[in-house]
Structure formats: structure tokens, C-alpha cells
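Let us walk through this structure step by step. Keep the sequence and the 3D view at hand.

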Amino acid sequence: MTDKIPVTVLTGYLGAGKTTLLNRILTEQHGKKYAVIVNEFGEIGIDNELVVGADEEVFEMNNGCICCTVRGDLIRILDGLMKRKGKFDAIIVETTGLADPAPVAQTFFMDQDVSDTARLDAVVTVADAKWLSDRLKDAPEAKNQIAFADVIILNKIDLVSETELEEVEARIRAINPYAKVHRTQNCAIPISEVLDRKAFDLDRIIALEPDFLEEGHHHHHDEEMQSVSVAIDGEVDPQKFMPWISNLTQVEGPNILRCKGIVAFPDEPKRFVFQGVHMILDGDVQGEWKPGEKHTSKVVFIGRDLDAQAIREGFLACAA
Amino acid sequence: MTTGTAPSLTQNVAPLDAGAHVTAIGWLKGTAAFGLGDGGVLLGRDGESHRVEAHPDAGVLVAASDGERFVTGGDDGRVVVTGADGSTKTLAETKGAWIDSLALSAGGAFAYGIGKRVTARDDKGREKSLEVPSAARGLAFAPKGYRLAISHYNGATLWFPNVEAKPEFLEWKGSHLDVTWSPDARFVVTSMQENALHGWRLIPDKGHMRMSGYPSKTRSLSWSGDGKWLATSGAEAAIIWPFESKEGPMGKVPRECGVRPAKVSRVAFHPNTYVLAVGYEDGCILLIRLNDASELLVRPGVEDSGITAMAWDKGGKRLAFGCEDGQAGILTLPA
């Protein structure tokens, strides 16, 4: 079986600098070839790249789940691209400023043909340092894109003061404390910080553990979108935990944008690692606990109007 | 034929190196045309092959053949016809958009889709366009008359391009992929995103037909020459639905043929006998006789060489096949 093609999803509100970042990725001397899926032609000034126009058609799946949506056009385009395998090393999907990243991400878990040949690498969100705070107030899409991101490029920092910058970064942290935030001007950033992040790989969640386990110290609070993290200083009972996480993501799925977790089960030498998008969960035992290492369990949810207390109590009740 | 060791036709296969993912195959009388992922069309005849650059620096996404012409749609936005003599001609050209749905009618008309817009050109060159509610995924001309079925999200549209009347909308929730008409035009069947088929009985009652239970999507559908059976891919056997009665397959159990531990990727009914060619994701091809389920091996499994296209010639004497890694071949049935 050949390696799966990595797919980077590029989001960002209108005018934040997505196209600048895309052009930067494509012009840098990296020796790699990209297939690029864009919404509007003409914005990219690069020849000899495989550029495909998308329709952003969001389809509901007939499985009774209202938040189970996929991007029909993406399934169609990836099907076509796979006929030209070997012509490119990676795929970049640019979404419109108003797009919800969830259907894009869910496509990689819901569609068998897509998940057999491609893997979602990371959601990269470009944000305008000057306007983001306003957009977070008036544009739900902007908030979704921040909440969903694995990497956030806080761009146009030359247009704001240091105080304003700290203010906007605190707002980002209030929504999504786990994304890697880079401050940039003209999206000047090493490509390695954007591509090949493996943010959806279960083994990578462990590799990111130090960041991931760090408690957020943000002072800002977003009324609508928030992250909830709960830790247990020990093991959890799989008989309690599995039904709990499954029920929570089923019932609260439409409100949960992303979730991640690493938990310890009794008599299990490996960690149980999971991550999810809305109702879709992906989990496996992965990576042995080191000898003498403390077995701790932690879960993180980013979503809209989450009942933090109920989640906290629910998880703590799973303790072994 | 005796039972015992699996009888094999592998000695009757002339291999061909197509060099790229084989998207689709058509027969132009005695010449097999292979549409390729790197934009070429390979013409194979009597052990010889000749490559034509139908879509230079692009890829063939879809192709259709009527026995005279091999028409391809590419990611260069062009619809191109290739003849048995190796000549090519651009039939339509659009800027930048992919052509990934295409249909050809026996009368010489063709249709192609770009996103939501479907364009049909009849044998006299009259062109008509129709916008469907979402991107057209599959196109198929009715067996008789100038009528086109278009599959899309939440159903299918039946359209007479040269008639002013409003197109007929067949509604069923979900994303519909490929579409096909039964040879007697009584049924329209689509494959769906949700690992199922959906069908509409056009005569007499517009009834729905649901055919589900597949472990993956069906992307290959093939009718027996008499229209009594519809063979489908998507399971670890060819699933063959009975369509001989007026009701279609409702309440009936489909036949399962060629059960193997690999998913069926392509099916192709012999044009005039109950023999089905079954291609698998692991590269294997079997010929299966429906009457007694006897099997003949055409190609053993080959790693990373899943079957992506198959087509019988008009007389049913030869079967051409192509694979994801660019291997291909032509089976000639023993006389």
C-alpha cells in the first residue's frame, strides 16, 4: 500500500491573507509538487501547478445525524486526482472565507475512498490581527475557523500595536488554547510550520503532549465558543469511559467542533488516544507508557455552548 | 467443462503496457481504446499499440464509447474524440473546469457536465444547456430517443434537451453518483454516497427501489444484454439484481457471484450471454457464467494493480481491461 497523500486545509476570513500564504507555499523552493483546490481561479499566480476549482457543495449524509456533512465536490475532485497519482506530493484545499471547516474535515473520516487514499494533515487558519476581534463578534464563520484550527497564522501584525496583538491572541486562546499560533507579516513563515503537521494522527497527539497537557491560563472568556479540558490524575475505567465519550459526542456532537484525549486504562500498557470532529470519533491504543511514568488521563473539547460542568463531572465519574 | 483445478484463460490474454492509470475503455470495432490518467489514449489492436496525446499535460477523467468514437473528458476542460485511426478532435472546450461526467448516445449526440451545468449536443450540432440543483455526477442517455438522465445531490433529473418542457425531477435524499438506464428504459438506477443503489420505476408507477447492504460505494454498473440483470461492484462479490419483472428487484434477493476476499471494482456483462466479467481491487479478473456460477480465471491478483476499467467488444469475443498502475490487457476468448 502506498503512502496516503497529506491534505492541508487552508481557512481564514476574507482578506486575512490566505492567498498570500498559498502563493508563498507554492513559490518556495521545496522540490515538492502540490495539487491545489481553490474556490476562485485567477487569484493564484503560479503556473505548472495542478489547480482545481471547487464548488463547496456541502452534503448531508443519510445516517440520521444532522451534523454529519461532507464536501461532495471534494470527494469528486479527490477521486479525479487519484487518477493522476504520482504527479503531486500533497494537496492543499483552500476554502472561502465563509466556509465551515467541519464538512471538509469530516469528508476524510466519512468517505471510505477518500480515507483510503488521502489523510487530513492539519487545518491552518489565517487571521487578520487588526480585524479578527471584530470578526469574532459578528461572524460565526470566523469563530469556527479559529476553534477548528491546528495552526493559526496571526497575520498583518505590523498594522497593530503590541497591546492590541496580545489582546487578539488572548481572544484566540479563549476559544482554542491548543492551536499553534504564529505571528506573521505577509504570512512570512517557514513552510514546515504549516505543512506536514500530522495534526490528526493519533500518534502525533502524544508527541504534542507537553503543549496539550498544559492548562490554559487565558483570562479572556468567549461567551459562545469555549474549550473544556478535564484531567484525572490516574486511570479511567473503560467500561465507564467508552459509553460516556460515545454518548457525549452523539448528544453534543453538533456543538462539539473538535475533541482530543489521552487516557490510561488499568492493565493496559499503552495509552488510549482519541480525536474527533463533531460526532465522528477516531481512537486507538497507541504508544506505551514509559516505565515509572505517571498514568494520567485528559480530555479536551472545543465547542459552542458546552456545559463545562457536566462534561467535567461526567469524565471524573469515569475514574477507575 | 470439468470441475477440479480452476480453469484458466490467462494464456489467452495479450498484455499491454498502458503506462498510466486506466480511467476507461471503449472499443472502436477491432481496436481497444484505453483512456489514461496522464491524458493519453492508447489504441490496442492485434498485439500492436499506438499512443495518442488526447489531453496533453492533463488527465482523462471520464470516457464513453459508442463503438465508432472514443470520447474523453479531461482535467484540461476539454472534450476530445479519438478515432480508431489515431486522429483526435476537440469537441468542446471550457476554461479551467474539469470534465468528469460524460455520456454518448448511439445516434451521435453527446453530453458533458461542468459543475451544475450540463451541455448536450445532438447529432446535428444543436447545443442545449441545463442547470441542475448541484454538480452533475453521472450522465446517461436513454436507450432510445434524445433524453438524458443526470444524477446529482438529492435525486436525478430526466431531460429532453430539444424539448422546451420542464425536466422531470426524480427526488431521493442523498448524493447520487453514477446513473444508468435499463436497456428497456423502464428503470433508472443510481449509485449513492451511502453505499446503496437507488432506482426509479418509470413505468408504470414512479415507484422507488432501494438496493442496499453494500460495504462500500458502487462505481460500476452493467446490464445484461437483455436487461434482465444488473451487475454491480462494491462488495466482495459481484451483486446481481434481477430486473425481469415489472416491479424490478423489490422483494427479491440479488445473486452474489465470485465471492473472494477482495472488493469488486468493475463489472462488465458479456453483450449476448449470461457471462459476467468481474474485476477486483486486488487485480484479479474472473469470468463467471450465471447459469451454473462456474468461474474462469482471466488474471490472477497483482499487487497495486486493481482493476479500474473493463469493456467487451461488440461481438463479445474480446475483453479489454486496465489497471490503476497502468497495466492492461486484451483477452481473446477461444473460438
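Buried area is the accessible area, taken with a 1.4 Å probe, that two parts lose on being put together, summed over both. Chain B and chain A bury about 2200 Å² between them. Carbon and sulfur atoms account for 48% of that area. Which residues of chain B lose the most area to chain A? They are Trp98(B), Tyr153(B) and Gln193(B). Together these residues make up 25% of what the chain B side buries. The model is predicted, so keep that in mind throughout.

Now count the residues that touch. On one side, 28 residues of chain B take part in the contact. On the other, 22 residues of chain A do.

Charge comes next. Side chains of opposite charge can pair when their charged atoms come close. How many salt bridges are there between chain B and chain A? The count is six. For one pair, look at Lys173(B) and Glu60(A), which form a salt bridge. Their closest N and O atoms are 3.4 Å apart. Polar contacts also cross this interface: twelve residue pairs, with both residues at pLDDT 80 or more.

Where in chain B does this side come from? Strand S6 (60-65) and strand S16 (168-181) of chain B each supply at least two residues of the side that touches chain A. S16(B) gives the largest share, three residues. By class, the chain B side has eleven charged, ten polar and seven nonpolar residues.

Turn to chain A by itself. The domain assignment gives domain 1 (5-200) and domain 2 (219-317). The C-alpha centres of these two domains of chain A lie 25 Å apart. Their contact takes 26 residues from domain 1 of chain A and 22 residues from domain 2 of chain A. The area buried between the two domains of chain A is about 2100 Å². Here carbon and sulfur atoms give 64% of it.

This domain interface has charged pairs too. Two salt bridges are counted between domain 1 and domain 2 of chain A. Lys143(A) forms a salt bridge with Glu224(A), and the closest N and O atoms are 2.9 Å apart. Five residue pairs are in polar contact across the interface of the two domains of chain A, both residues at pLDDT 80 or more. Which helices of domain 1 of chain A each supply at least two residues of the side that touches domain 2? They are helix H3 (101-110), helix H6 (140-148) and helix H7 (162-175) of chain A. The domain 1 side has 19 nonpolar, three polar and four charged residues.

Helix H7 of chain A appears again in another pair. Glu169(A), in helix H7, forms a salt bridge with Arg183(A), in strand S9 (residues 180-183) of chain A. The closest N and O atoms are 2.7 Å apart. Along the chain, Glu169(A) and Arg183(A) are 14 residues apart. Over all chains, the whole structure holds 42 salt bridges.

Finally, the records. An unreviewed UniProt entry annotates residues 225-319 of chain A as "domain: CobW C-terminal". Over these residues chain A is 24% helix and 43% strand. The end C-alpha atoms of residues 225-319 of chain A are 27 Å apart. For chain B, UniProt (unreviewed entry) lists residues 268-331 as "domain: Anaphase-promoting complex subunit 4-like WD40". That span of chain B is 0% helix and 55% strand. Its end C-alpha atoms lie 13 Å apart.

Methods. Residues are numbered from 1 along each chain as its sequence is written. Chains are lettered from A and ligands numbered from 1 in the order in which they are written. This is a predicted model: local features need pLDDT of at least 70, side-chain atom pairs count only at pLDDT 80 or more; totals for chains, interfaces and linings use all residues. Side-chain values use heavy atoms; hydrogens and water are left out. Contact means heavy atoms within 4.5 Å. A salt bridge is a side-chain nitrogen of Lys or Arg within 4 Å of a carboxyl oxygen of Asp or Glu. A polar contact is a pair of N or O atoms within 3.5 Å; within protein, one must be able to donate a hydrogen and the other to accept it, and residues adjacent in sequence count only if both atoms are side-chain atoms. Helices (H or I, at least four residues) and strands (E, at least two) are DSSP runs, numbered from the N terminus. Ala, Val, Leu, Ile, Met, Phe, Trp, Tyr, Cys and Pro count as nonpolar, Asp, Glu, Lys and Arg as charged, and the others, Gly among them, as polar. UniProt positions are given in the numbering used here, feature names are shortened, and annotations may be inferred rather than shown by experiment. Domain bounds come from an automatic or database domain assignment.
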